[in-house]
Structures are given as structure tokens and as C-alpha cells.
Amino acid sequence: MKEKTIILLFGLCFLISLLGEIYLLNASNPHAFSIIGIGIVVVLTGYLWIDSIWEYVSNIINKNKLMYEDLIKQENEKWEARYTELLKIQKATYVAVKKSDLKLQEEIKNLSDRIASLEDDMKNEAVK
């Protein structure tokens with residue numbers, strides 16, 4: 001709000017000084033010193049007005065840029081959290097599969113041992 005008020009104030013001063021300069025240029029007997037003085041005031045107020053507008057626009061652009069950077073940062077954090085979660089799920093799945101594989105191999109070994117012992121028992125019975 002303060003920036004807009006400053007812009008309006010400088011714009012009003014510029015217009016008033018410009019009207020004064022135009023009045024002095026159209027006067028019947030103008031003084032050169034007055035014309036030069038008001039001309040300097042017109043240039044200065046015009047510069048201040050343009051500068052305040054430029055500063056206001058730059059502030060808006062910087063705010064938008066910061067908001068955009070924050071949005072990108074938040075989005076990156078969300079994706080990083082998702083990827084971290086997926087990595088944890090992958091590791092847990094790998095560990096579960098590895099344990100299941102080891103257990104299955106152990107059961108297969110036990111079954112093959114039992115089958116071998118049964119075959120031995122059958123051979124022993126056939127020999128008797």
C-alpha cells in the first residue's frame with residue numbers, strides 16, 4: 001500500500017510540475033530562470049515517478065520469483081519423500097524375498113534329505 005501511495009504522490013507531483021512548465025511556456029512574458037527551474041523539477045519528479053514504478057514492479061517480480069522457488073522446493077521435497085518411500089519398500093521387498101528364498105531352499109534340502117532317507121529305507125527293506 002505504501003508503494004502505491006508513493007507512486008501516486010510522485011505521479012501527481014510530476015503532472016503538477018509538467019502543467020506548471022506548460023503554463024510558463026505559454027505565458028506572455030516568461031522568465032528563463034523559472035522555465036529552467038520548473039524544467040529541472042519536471043525531470044526530477046519524472047525520474048522519481050518512473051523509478052518508484054520500476055521498484056514496485058521489481059518487487060512484484062521478486063515476490064513471484066520467491067514464491068515460485070518455494071513451490072519448486074516443496075514439490076522437490078514431496079518427490080524426494082516419495083522416492084525415499086519407494087526405496088524403502090524395495091529394500092523391504094528384497095529382504096522378504098531373500099528370507100523366503102533361504103527358507104524355501106532349506107525346506108527343499110530337508111525334503112531331499114527325507115526322500116533320500118526314504119529311498120535308503122526302501123532299499124534296506126528290499127534287501128531284507
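Which residue lies over the face of Trp79? In this predicted model, the residue over the face of Trp79 is Arg82, at 4.6 Å from the ring centre. The legends below begin with the whole chain and then turn to individual sites.

**Figure 1. The whole chain, built from 2 helices and 0 strands.** The secondary structure of the chain comes to 2 helices, with 0 strands beside them. The radius of gyration is 44 Å, well over the 14 Å that the globule rule gives for 128 residues, so the chain is more spread out than a compact globule. Taken along the principal axes, the C-alpha atoms fill a box of roughly 145 × 20 × 15 Å. Of the 128 residues, 9% count as buried.

**Figure 2. The aromatic pair of Phe14 and Trp49, one of 2 aromatic pairs in the model.** The rings of Phe14 and Trp49 are stacked, with 5.6 Å from centre to centre and 20 degrees between the planes. This pair links distant parts of the chain, as Phe14 belongs to helix H1 and Trp49 to helix H2 (residues 32-127), and the two residues are 35 apart. Phe14 counts as buried because its relative accessibility is 17%, which falls under the cut-off of 20%. Trp49, in turn, has a relative accessibility of 27% and therefore counts as partly exposed.

**Figure 3. The aromatic pair of Trp79 and Tyr83, with Arg82 over the face of Trp79.** The rings of Trp79 and Tyr83 form a tilted pair, in which the centres are 5.9 Å apart and the planes make an angle of 35 degrees. Both residues lie in helix H2, where they are 4 residues apart, about one turn of the helix. Trp79 is partly exposed, with a relative accessible area of 39%, whereas Tyr83, at 52% relative accessibility, counts as exposed. The view also takes in Arg82, which lies over the face of Trp79 at 4.6 Å from the ring centre.

**Figure 4. A nonpolar surface patch that includes Leu19.** Leu15, Leu18, Leu19 and Ile22 together make a nonpolar patch of about 350 Å² on the surface. Among them, Leu19 can be placed in helix H1, which is formed by residues 2-26. The relative accessibility of Leu19 is 57%, and because this value is over 50%, the residue counts as exposed.

**Figure 5. Glu85 and Val97, seen along the sequence and in space.** Glu85 is found in helix H2, and at 45% relative accessibility this residue counts as partly exposed. Between Glu85 and Val97 there is a separation of 12 residues in sequence, while their C-alpha atoms are 18 Å apart in space.

Terms used. Residues numbered from 1 in each chain as written. Predicted model: local features only at pLDDT ≥ 70, side-chain atom pairs only at ≥ 80, totals over all residues. Heavy atoms only, no water. Patch = residues over 30% accessible without salt bridge, like charges linked within 9 Å, V, L, I, M, F, W, Y side chains within 5 Å. Areas by Shrake-Rupley, 256 points an atom, 1.4 Å probe, with all protein chains shown as cover. Salt bridge = Lys/Arg side-chain N within 4 Å of Asp/Glu carboxyl O. Buried < 20%, exposed > 50% of the residue type's maximum accessible area, 1.4 Å probe, protein only. Phe/Tyr/Trp six-rings, centres within 6.5 Å; stacked < 30°, edge-to-face > 60°. Lys NZ or Arg CZ within 6 Å of the ring centre and 35° of its normal. Rg over C-alpha atoms; globule rule 2.2 N^0.38 Å.
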